[in-house]
Structures are given as structure tokens and as C-alpha cells.
Amino acid sequence: MIQVGINGYGTIGKRVADAVRAQPDMEVVGVAKTRPNFESEQAVTKGFPLYAAVEERIDQFAEAGIDLAGEVEELVAESDVVVDTTPSGIGAENKSMYEEYDTPALYQGGEDADLVDVSFNARSNYEEAADADHVRVVSCNTTGLSRLVAPLDEEYGVEKVRATLVRRGGDPAQSGRGPINDTLPDPITVPSHHGPDVNTIFPDLDIDTVGMKVPATLTHTHSINIELGSDADTESVRELLENESRLFVIPERLGIDGSGKLKEFALDAGRPRGDVWENAIWGESITVQDGELYLFQAIHQESDVVPENVDAIRAVTGSADRDESMATTEAALDLGFDL
Ligand code: NAD
């Protein structure tokens, strides 16, 4: 069993902890948290050993009546792999601790690409993370773009990607980011950082992205235009995308007209926290015209990177190849919707 520690138990960390626990070949050693709050109490209720991330705040846990299993250094020492799910920039500060204990670490998309040996997306470059000590699971948007580009590039070749990313203003629980009532070109300059970030996975890909922020919390929405290299038609592209396990092509008959109904659908389907781990591509938006593909996809920012973190654990420990890992992750999470 691969022993996994999770440092940072917020939006991404708590989802990764549950996903790791569901795997047949992994165990959660524990989770680290800076301060007591509802998530700390939930971690204890779920039986995850809780470690203090900051020594000076240990007393706060005692005052809140929460028993600690130890300090974060002990968690790192006991783990075969640590998944760092702390806020952007904190992962970089933690790197020396992981090096000190010789524990491979996975970081999240908020960290810079040059912090790590490899930027990772399971479908696109799983093998590159073999034996790496520092791996970055790319951001929710870059994950969503990479999953889409990989099969299209293999099947048709991709000449050029243009993507407009309509980004949620904040996650549902991020009260500090709102309320907002605005539509922001973000950044106002072209391109946004997302295109170069996709190039950390596909170095030779010609991609331009522009970004906007809107007052929404449920998902990001991408408007995609891709020049395909060889003959393609709407039907064959749709079939290709439908055969990808981490792409969910939304059938027209479901009447899912936006992120609200998509999330409602996921909740009705019994998904934990209403998570949508797959790119959700509107089937009727898939259109190929003069060799150019157009589509809309929703990216559930809080959860699409979760299966990727699980696969990255197997990749760095060399415990499975790509297809085996992705299949194991998906079976354990029950990924894919029963229609
Ligand atoms: P979050 O704020 O929800 O959770 C971070 C957790 O880390 C919190 O529990 C916080 O208390 C804790 N923390 C803070 N400082 C710490 C420290 N020094 N040691 C240990 N824990 C500490 O953040 P998040 O949304 O889960 O984001 C985590 C990372 O994942 C970031 O790099 C972010 O860019 C990336 N990411 C976020 C999203 C998203 O939409 N939320 C999507 C993809 C990737």
C-alpha cells in the first residue's frame, strides 16, 4: 500500500484525501491543517489522523478539543508521497521540508512550473513523472485543456488552439472573493497565462488563450476553437471525445443548459460534493467547419484535478503504467455517469 500524506486540507486537499482513501493500493497516513475549523473537525470525524502544519498554532487545536496525531514533519517522514494542497506559493515554501525527508511531493497548479521537475496531466504525459521527486499537477483549466488536446492531437494533429476561458470569480466557499458583480477581462492583455501553462504539458503546441472572470462560482466555461491537422468531421470528433474516460459529452436529451443544471445532475447522480471530475462538453456544441473544431466545455474547478493527483501518486512511485492507473482511479471513484 502506498502511504500518502496530504498537506493542506481545503478545497482540493479534502477531495484528494477522500479519493486516495477510495483506492485499493493507497492509504492516507494523515492530513495537515494550519488551524481548527469545520474542515479540521470533518477530517477527525472521517478518521483521518490530523497533523499540525504550524507549530505555533498547536494550542489552538487543543483549545478546540481536537486531538492531533503530530506535526507536519512527522507526516512527511511517514509518507511515501506527500500531496501538497496548500494555497498558491506555500507549496514552494514547503519544498525544502519534503527534500529534507526525501519524500516525493506533488504540488498544485497554483505553484510555478519551474518549482518542479515535471508538470503533469495523466492522459497527456503520465510517463514523464516516473521517479520524479517534485511534480506539479497542473491547474483545473490546464487539466481541462490538456485532456481535450491529447486525443485530438493523436487522431488528427492539432495546428492551433484558441480558447476563451470564462472563469468563475471564486469557489462557492471563498467568501473573501465576493460578492462581485462585474465581468472582467482577466488579464486584459493577450494571451492569458493558461496557454503557456498548457505548453508545460505540450511544449510544441500552438495555443493562445484569453481569460475573463465572471460573477459565478460553480464552474469555469471554455469556448474552444481548434484547427485540426487532417480531415475531421463533427461526427468522428464527437465519437472520439465520447470514448475518452475523462471527457463527459453531455447528451442533448438531458437538457443541461449550463453549470447550474450540470451540478444539479452531478448531485442527483450521487457524486460526492456534486463533483464533476470530467470535462463536461456540450454535445451539440461540437462542430467541425472547414477543419476547425468549435465546442463549449465546463470545467469543475474544485474537482477535475482530483483523479490527476491520484494518478500522479502512482506515476512517481512507479507502481502502475498510465492505463492501469487511470482505470484503477476511475473504478475506485466510480467516474463516468450511468446514462
Ligand atoms: P484552499 O484555501 O481551499 O485550501 C488550502 C488549505 O491549506 C487550507 O485548509 C489552508 O488552511 C491550508 N494551509 C494554509 N497554509 C498552510 C500551510 N503552511 N501548511 C499546510 N496547510 C496550509 O485552497 P485550494 O483551493 O484547495 O487550493 C490549493 C492549491 O490547489 C492551490 O495551488 C490552487 O491554485 C490549486 N487549485 C485550486 C483549484 C480551485 O479551484 N480551488 C483548482 C485547481 C487547483
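A residue counts as buried under 20% relative accessible area, as exposed over 50%, and as partly exposed in between. The exercises below use this scale on a predicted model.

**Exercise 1.** Decide whether Asn37 is buried, partly exposed or exposed, and state which backbone nitrogens its side chain reaches.

Solution.
- Step 1: Locate the residue. Asn37 sits in the loop between strand S2 (26–33) and helix H2 (38–45).
- Step 2: Classify it. The relative accessible area of Asn37 is 26%, so Asn37 is partly exposed by the cut-offs of 20% and 50%.
- Step 3: List the contacts. The side chain of Asn37 reaches the backbone nitrogen of Glu39 at 2.9 Å and the backbone nitrogen of Ser40 at 3.1 Å.

**Exercise 2.** Check whether the end-to-end distance of helix H7 (residues 140–155) agrees or disagrees with its expected span.

Solution.
- Step 1: Compute the expectation. The expected span is 1.5 Å times one less than the number of residues, so the 16 residues of H7 should span 22 Å.
- Step 2: Compare. The end C-alpha atoms of H7 are 24 Å apart, which agrees.
- Step 3: Consider the cover. Of the 16 residues of H7, 13 are buried.
- Step 4: Look just past the helix. Gly157, just after H7, has a positive phi of about 80 degrees.

**Exercise 3.** Classify Asp102 and Asp131 as buried or exposed, and give the sign of phi for Asp102 and Asp131.

Solution.
- Step 1: Take Asp102, in the loop between helix H5 (90–100) and strand S6 (105–107). Its relative accessible area is 65%, so Asp102 is exposed. Phi of Asp102 is positive, about 55 degrees, although the residue is not a glycine.
- Step 2: Take Asp131, in the loop between helix H6 (122–125) and strand S8 (134–137). Its relative accessible area is 64%, so Asp131 is exposed. Phi of Asp131 is also positive, near 65 degrees, in a residue other than glycine.

**Exercise 4.** Describe the surroundings of the ligand by residue class, domain and polar contact.

Solution.
- Step 1: Sort the shell. It has 6 nonpolar, 11 polar and 3 charged residues.
- Step 2: Assign domains. Domain 1 (2–138 + 305–333) and domain 2 (140–299) each supply at least three residues.
- Step 3: Find the contacts to ligand oxygen atoms. A backbone N or O atom of Tyr9 lies at 3.4 Å, a side-chain N or O atom of Ser88 at 3.4 Å, and a backbone N or O atom of Gln301 at 3.5 Å.
- Step 4: State the cover. On its own the ligand has 820 Å² of accessible area, of which the protein covers 81%.

Terms used: Residues numbered from 1 in each chain as written. Predicted model: local features only at pLDDT ≥ 70, side-chain atom pairs only at ≥ 80, totals over all residues. Heavy atoms only, no water. Polar contact = N/O pair within 3.5 Å; in protein donor to acceptor, adjacent residues only side chain to side chain. Areas by Shrake-Rupley, 256 points an atom, 1.4 Å probe, with all protein chains shown as cover. Nonpolar A, V, L, I, M, F, W, Y, C, P; charged D, E, K, R; others polar. Domains from an automatic or database assignment. Helix = DSSP H or I, 4+ residues; strand = E, 2+ residues; numbered from the N terminus. Buried < 20%, exposed > 50% of the residue type's maximum accessible area, 1.4 Å probe, protein only.
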